[in-house]
Amino acid sequence: MLKDLCSGAFFRAVLAEFIGTLLFVFFGLGSALSWPSALPSILQISLAFGLAIATLVQVIGHVSGAHLNPAVTLAFMVGSQISILKCVFYILAQMLGAVAGAGLLYEFTPANVRGNLAINSINEDTTAGKAVAVELFLTMQLVLCVFATTDSRRTDNIGSPALSIGLSVTLGHLLGIYFTGCSMNPARSFGPAVIMGLYNYHWVRIYGDIWGKHMT
């Protein structure tokens, strides 16, 4: 493990996850901001997140595998596809990249447009339990798609993994935005929450609410 840590390939992979997540958060959140001239539609936001992932998978997939999502990285670790060490470094890089991407967007965007920087929030008619269930299903279909399209044992024609994963992210947003704003990615939620200091909207709060209810 220590040998891997000191290798150039390992460093490049971690750096790719940082830069990739930075760009994903920057473009994804940027598509959801409320510009007075043209308010974003759900289709626009969904396509922007999906196209961002598809582009970045194509760009850095050969360097790091283009996880760009702690949930995907954790799934790969559980599936014995990557080491625990790589899992930890990937997740740290993704979280830091998300904060950097959200921070850059905050600095570039006029104050009257940035709002809460597209932080995920639960629909007022959706309970915390239902929100978590929806996020679990959204993330599950994404992780299954990633595993299916990157499985080296497949001999059939799987097409473009980058496009398939991008469409999976788009699919999740087309439904998930109505319920939770659609995270599917802890880093995507973490970045703007840190920059705006609005942790009540962060995905950790959702799980915390449920845990608190179970403990009382």
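## Two helices running opposite ways

When two helices pack at an angle over 145 degrees, they count as roughly antiparallel. Keep that cut-off in mind while looking at this predicted model. Here α3 and α8 pack at an angle of about 155°, and their axes are 7 Å apart. The pair is therefore roughly antiparallel. As for the handedness, α3 and α8 make a right-handed crossing.

Which residues make the contact? On the α3 side you'll find Ile-42, Leu-43, Ile-45, Ser-46, Leu-47, Phe-49, Gly-50, Ile-53, Ala-54, Val-57 and Gln-58. On the α8 side there are Ala-162, Ile-165, Gly-166, Val-169, Thr-170, His-173, Leu-174, Ile-177 and Tyr-178. Sort the residues of this contact by class and you get 14 nonpolar, six polar and no charged ones.

## An oblique pair

Now turn to α4 and α7. Their axes are 10 Å apart, and the angle between the two is about 55°. That value makes α4 oblique to α7. The crossing of α4 with α7 is right-handed.

From α4, the residues in touch are Ala-71, Val-72, Ala-75 and Phe-76, and they meet Thr-139, Val-143, Val-146 and Phe-147 of α7. Seven residues of this contact are nonpolar, one is polar and none is charged.

## A roughly perpendicular pair

Next up are helix α2, residues 8-31, and helix α9, residues 186-196. Those two pack at an angle of about 70°, with 10 Å between their axes. So α2 is roughly perpendicular to α9.

What does each helix bring to the meeting? Helix α2 brings Thr-21, Phe-24, Val-25 and Leu-29, while α9 brings Ala-187, Arg-188 and Pro-192. Five of the residues in this contact are nonpolar, one is polar and one is charged.

## The largest pocket

Time to look at the spaces in the model. The largest pocket has a volume of about 410 Å³. Its lining is made of 24 residues, and the ones nearest the centre are Val-72, Phe-76, Val-146, Phe-147 and Thr-150. Some of these names should ring a bell: Val-72 and Phe-76 of α4, along with Val-146 and Phe-147 of α7, also take part in the contact between those two helices.

Which elements give two or more residues to the lining of the largest pocket? They are α3 (42-64), α4 (70-78), α7 (128-149) and α8 (161-180). As for chemistry, the lining has 13 nonpolar residues, nine polar ones and two charged ones.

## The second largest pocket

The second largest pocket comes in at a volume of about 320 Å³. It is lined by 19 residues, and the closest to its centre are Ala-32, Leu-33, Pro-40, Ile-45 and Ala-118. Two or more lining residues come from each of α3 and α6 (111-114). The largest share, three residues, is given by α3.

How does this lining divide by class? It has eleven nonpolar, six polar and two charged residues. Here's one more link to spot in the structure: Ile-45, listed among the residues closest to the centre of this pocket, is also one of the α3 residues in the contact with α8.

Notes:
Residues numbered from 1 in each chain as written. Predicted model: local features only at pLDDT ≥ 70, side-chain atom pairs only at ≥ 80, totals over all residues. Heavy atoms only, no water. 1 Å grid on protein atoms, 1.4 Å probe; cavity = no way out; pocket = protein on both sides within 12 Å on 5 of 7 lines; lining within 4 Å. Points joined across faces, edges and corners; volume = space filled by probe spheres on them. Helix = DSSP H or I, 4+ residues; strand = E, 2+ residues; numbered from the N terminus. Nonpolar A, V, L, I, M, F, W, Y, C, P; charged D, E, K, R; others polar. Axes fitted to C-alpha atoms, helices over the stretch in contact; angles between N-to-C directions. Parallel < 35°, antiparallel > 145°, perpendicular 65-115°, else oblique. Left-handed = near helix turned anticlockwise from the far one by under 90°. Contact = heavy atoms within 4.5 Å.
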